[in-house]
Amino acid sequence: MIAWTEQQQMIRGMVRDFVEKEVVPHIDDLEYNGLPPYDILRKLFKTFGMDELARANFEKQIAREEAIARGEQVEKPATPEAASGPVSEEALDAAAMGILPIIEISRHCQGLITAMGVSVGLTAGAIMSKGSLAQKKKYAGELMTLEKIGAWAITEPNSGSDAFGAMKSTARRDGKGGYILNGNKTFITNGPHADTIVFICRLDEPGVEPADRKIVSFILDSGMPGLEQSPAFKKMGIGASPTGELFLSDVHAGPERLMGESEDGYGRSGAKSTFSTERSGVAAMALGLVERSLEMSLEYARTRVQFGQPIGSYQLIQLKLAKMEVARLNLENMVFRFIETRAAGKDFSFAEGSAMKLYAAQAAMEVTTEAVQIFGGAGYMRATRVEQLMRDAKILQIYAGTDEMQIVAIARDLMGRD
Ligand SMILES: Cc1cc2nc3c(=O)[nH]c(=O)nc-3n(C[C@H](O)[C@H](O)[C@H](O)COP(=O)(O)OP(=O)(O)OC[C@H]3O[C@@H](n4cnc5c(N)ncnc54)[C@H](O)[C@@H]3O)c2cc1C
């Protein structure tokens, strides 16, 4: 894939119209006044049939798993290796449909995408990959259609980059098949509003060295006794994505809440593959931020006159614009590669996903910072919205693994180390 097709450009235009009508007028409320993002996201899903598509995909997967559980013979889904020839246009359009709203919305309000991605990609994604059939049926369908909102909680006050090593949250067996959960989680996207929470903690196993204790996960409901969800933090950027804390004090979770209904259901490797999913969407968010920065910068460079000439006639400004275009092209190519890989039913390696995340986050930060510079004092004012792009870009270098941790992940994966 080297360019958007006519069909994809048409969809893109429709999403852009939606954003102009349904997102742009509410940006101040979303960013600064605590308006939760979920109704706007639900409208997006409804307008583009994304809810129906998600429901249909969910029902298809459940029907398949039920048939397997009944011992029926079911056709294996075609593996990428078995597929021959080029990826179909239909598959490419379907994959592009998942990406275009990310790009278009990130041009104005990246926080909406973070809130949506954590609920659908991370929370529902984790349950659909590692939950039991009963858990998928109970929780995942409504998360995938955004009827319910999800949070995925691993970070703690003292465990961020070292997510597993320093983890303090615990699950203690209650002797009757259930568990007692304790711990604090912080910086949790959708934490303040989530209906469903994937809580990742350490099994309290007497006699086992703390560092060797298993990582286990639970699916919790908002309102469970002992579970408190904090109000949203005030943040530098992505105000549209509510971020908060979770406090668990002797929360009783029955065995049906243990992810996969097994202590080996969703531990380190499950969480690691969720990190991978999270990382791959960052290129599309970065592309939206970079495209918008470049468009606004070009317009300003043409029209802002200083020393009797448009500032775009000065080579120092031209260098910034040229570097922005290089970043835009690189990111667009990464997004095309992502779409083709998805359409082929394949996955990126951990190193590849991390490398894309690292480049995308750094490019977005560099380009948005230079856009503010091109705008001079006006760029520092909220009204121009350039500064919001810069603040929204910064988070890409921190969440889903910091830049530094991506570097470590790339190198370790390339060297074949865990
Ligand atoms: C807006 C927002 C939303 C978030 N959403 C979620 C969520 O939904 N769920 C969730 O579980 N978490 C979430 N997080 C947490 C996020 O993943 C962590 O903030 C991130 O992983 C970094 O952890 P930390 O903040 O503890 O920083 P630290 O790990 O304390 O890092 C501090 C600095 O030290 C560097 N550093 C650490 N270790 C090394 C090393 N070995 N080598 C070199 N440098 C190192 C880091 O790169 C960083 O620069 C979110 C965070 C934010 C800000």
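Biologist: Which elements each supply at least two residues of the shell around the ligand?
Modeller: This is a predicted model, in which local features need pLDDT of at least 70, side-chain atom pairs count only at pLDDT 80 or more, and totals for chains, interfaces and linings use all residues. Residues are numbered from 1 along each chain as its sequence is written. Elements are DSSP runs numbered from the N terminus: helices are H or I with at least four residues, strands E with at least two. Those that each supply at least two shell residues are β1 (150–153), β3 (179–189) and α13 (403–414).

Biologist: Which residues come nearest to the ligand?
Modeller: A residue is near the ligand if its C-beta atom, placed from the backbone, lies within 6 Å of it. Of the 19 residues around the ligand, those that come nearest are G160, S161, T189, T402 and E404.

Biologist: At what angle do α1 and α3 pack?
Modeller: Residues F18, E22 and V23 in α1 meet I40, K43, L44 and T47 in α3, contact being C-beta atoms, placed from the backbone, within 7 Å. Axes are lines fitted to C-alpha atoms over the stretch in contact, with angles from 0 to 180 degrees between N-to-C directions. The axes of α1 (6–23) and α3 (38–47) lie 11 Å apart, at an angle of about 150°.

Biologist: Which element gives the most to the side of domain 1 that touches domain 3?
Modeller: Domain bounds come from an automatic or database assignment, and the centres of domain 1 and domain 3, over C-alpha atoms, are separated by 23 Å. The contact takes 22 residues from each of these two domains. On the domain 1 side, α5 and α6 give two or more residues. With ten residues, the element that gives the most is α5.
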